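Open your viewer, set the display to cartoon, and get ready to select residues as we go. We will take the tour one stop at a time.

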Amino acid sequence: MIRKTILLLTMCVSAFAALAQAPSNVTGTTDPIKVKRVGLFKVLNGRLKEIATAIPDAAGRFGFRFTPEYEGLYSIGSGTAQNQQGLFRFYFKGNEDLNLKLTQSDYQLVGKNSPENETLYAWDKQSKDFHDKGTTPGGMSTYVDFFPEVEQFKGKLDGIKKAVKTGNANFDKFFPELVDYDFAYYAISYLYMPRTAHPSREEMSDYYTQFNADRYLTTELLKFPYGDRFMSNMIYRKLDLTTKPTFDQQVAAIGPDVLKGQYVLQRLEGARSYADFQEMNTTYKKYFTLPEQIERAKNVEAKLVETKTGVPAFQFSYPDITGKKVNLVDLKGKVVLIDMWATWCGPCRAEEPHWEKLNEEFKGKPVAFVGVSVDQDKPKWEAYAKEKNLKGIQLHAGSDNELSNAYKVNAIPRYLLIDKSGNLITADSPRPSDPKLKALIEEWIKK
């Protein structure tokens, strides 16, 4: 009897494994003029990762055949992992067909589909207007019309959740969670979209005044395509932003360590120098508990290794105002401060008086001040530099230049500091208006 039971259990497990490993088929149509590519994405710890791409043919037909890595949500559409407008989520467990008609802003199920995806489709149709208002920037909607919709829709949720019986115990248990998280995501996201009018604290409806962010700051977030971005919004709901909470306070507002790791990695991936990476990684790496989180941190480190203190700096060569090329090697023996700027950049111009003052304070000392313009309009730069009689060595690199690419300069002003031997001190130094920069230069002059 025991032998028969074990055999039966083995057969059941094998059957489930075979089902989970069975391929799923996606067959779709779209407008090939408007939709040039369709992506298939998996959910990886609250974010999306593209796993396949299809190019619609002349008739707009596209398709995927893939084996789901897990039972749960996947996304399909014309959006990207970063910009999820145009992406729609579906439920796959293996061994099912998805048939749909896709547009840039919506989808429609056609033909035969799984009970799980029919259920998701019904929910998406019910919540479409609410979803679009909550997650789309702009529009004519304001809190005056949206808040009453929130309160009215909230009363329907229990009935929607209880009505679902697909025969898939996993999905039927998950669906009520999905409805709750979706509704919260749409409602809270609305507050952070550009609008013509914004409510005061006193004008918030009951849903918002009673909202408990900790109810949603759970590891369940990792199952949803919008997990990471929703997490950020909930932290903003927990903290009083008028007090300008520190990053430490923001992290502390999150409960589970694994979510703290996700939040820190969002910031870590925006680090502009190896020093910034080291400081943040040392403080928060204890929260990187998932293999993918550890891998993400390593990838950031690998990308920033060229900005590490002591590595040879990028050997630039750009023309000055007379057309003469100036190379970094020409400045050997001096501490070099590079100012990446442009004539159209307001914050750059705001730093000019401080830049001029530093030039005067270090006059006659082994320091080279080098302004590197990223202006696309070279004549405009020349006219501005002559008119302002800017101090230091003024060079023109233009847009999309090698120096900007080497140090991932995607916002200006940006200041780079190089030592007397031509090695990098920092790829993201303090600005001239910050007293820390003067102290840093003085420190490296002595070395």
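Start with the empty space: a search of the whole structure finds 2 cavities of 30 Å³ or more. A cavity here is a set of points, on a 1 Å grid over the protein atoms alone, where a 1.4 Å probe fits but cannot get out. Grid points are joined across faces, edges and corners, and a volume is the space filled by probe spheres set on the points. Rolling a probe the size of a water molecule over the atoms shows where empty space is left.

Before moving on, know that this is a predicted model, in which local features need pLDDT of at least 70 and side-chain atom pairs count only at pLDDT 80 or more, while totals for chains, interfaces and linings use all residues. Residues are numbered from 1 along each chain as its sequence is written, and side-chain values use heavy atoms, with hydrogens and water left out.

**Stop 1: the largest cavity**

Select Asp 339, Trp 341, Cys 348, Glu 351, Glu 352, Trp 355, Leu 390, Gln 394 and Tyr 415, which line the largest cavity; lining residues have an atom within 4 Å of a point. The volume of this cavity is about 80 Å³. Which element gives the most to its lining? That is α12, with 4 residues. Both β11 (335–341) and α12 (346–361) supply at least two residues each.

**Stop 2: the whole chain**

Zoom out. The chain holds 15 helices and 15 strands; these are DSSP runs numbered from the N terminus, with helices (H or I) of at least four residues and strands (E) of at least two. Its C-alpha trace spans about 90 × 60 × 50 Å along the principal axes. Of the 447 residues, 47% are buried (buried is under 20% relative accessible area, exposed over 50%, partly exposed in between, with a 1.4 Å probe and protein chains only).

**Stop 3: the largest pocket**

Now select Gln 84, Gln 85, Tyr 185, Tyr 226 and Arg 229. Of the 40 residues lining the largest pocket, these are the closest to its centre. A pocket is an open set of points with protein on both sides within 12 Å along at least five of seven lines. About 1100 Å³ of space lies in this one. The largest share of its lining, 8 residues, comes from α2. Elements that each supply at least two residues include β3 (47–54) and β6 (87–92).

**Stop 4: an open sheet**

Colour the strands β4, β1, β7 and β8. In that order the 4 strands form an open sheet with mixed pairing, where two strands pair if DSSP finds at least two bridges between them. At the edges are β4 (61–66) and β8 (107–109), each pairing on one side only.

Select β1 (residues 24–29) beside β4: the two pair in the antiparallel sense over 6 bridges, and Gly 28 stands opposite Phe 62. Where do the side chains of β4 point? Phe 62, Phe 64 and Phe 66 point to one face and are buried, while Arg 61, Gly 63 and Arg 65 point to the other and are not. In a regular strand the side chains alternate between the two faces of the sheet.

At the other edge, β7 (residues 97–102) pairs with β8 in the antiparallel sense over 3 bridges. Look for Leu 100, which stands opposite Leu 109 in β8.

**Stop 5: two nonpolar cores**

Select Phe 175, Tyr 207, Tyr 208 and Phe 230, the residues with the most contacts inside the largest nonpolar core, which has 65 residues. Such a core is a set of buried Ala, Val, Leu, Ile, Met, Phe, Trp, Tyr and Cys residues joined through side-chain atoms within 4.5 Å. Helix α5 (residues 169–190) gives the most to this core, with 13 residues. A second, separate core of 32 residues includes Leu 328, Met 340, Tyr 384 and Ala 406.

**Stop 6: backbone surprises**

Most residues other than glycine have a negative phi, and most peptide bonds are trans. Find Lys 244, in the loop between α7 (227–238) and α8 (247–252): its phi is positive, about 50 degrees. Is Lys 244 buried or exposed? At 71% relative accessibility, Lys 244 counts as exposed.

Next, select Lys 408 in the loop between α14 and β14. Its phi is also positive, near 50 degrees, and Lys 408 is partly exposed at 40% relative accessible area. Finish at Pro 413, in the loop between α14 (402–406) and β14 (414–418). The peptide bond from Ile 412 to Pro 413 is cis, with omega near 5 degrees.
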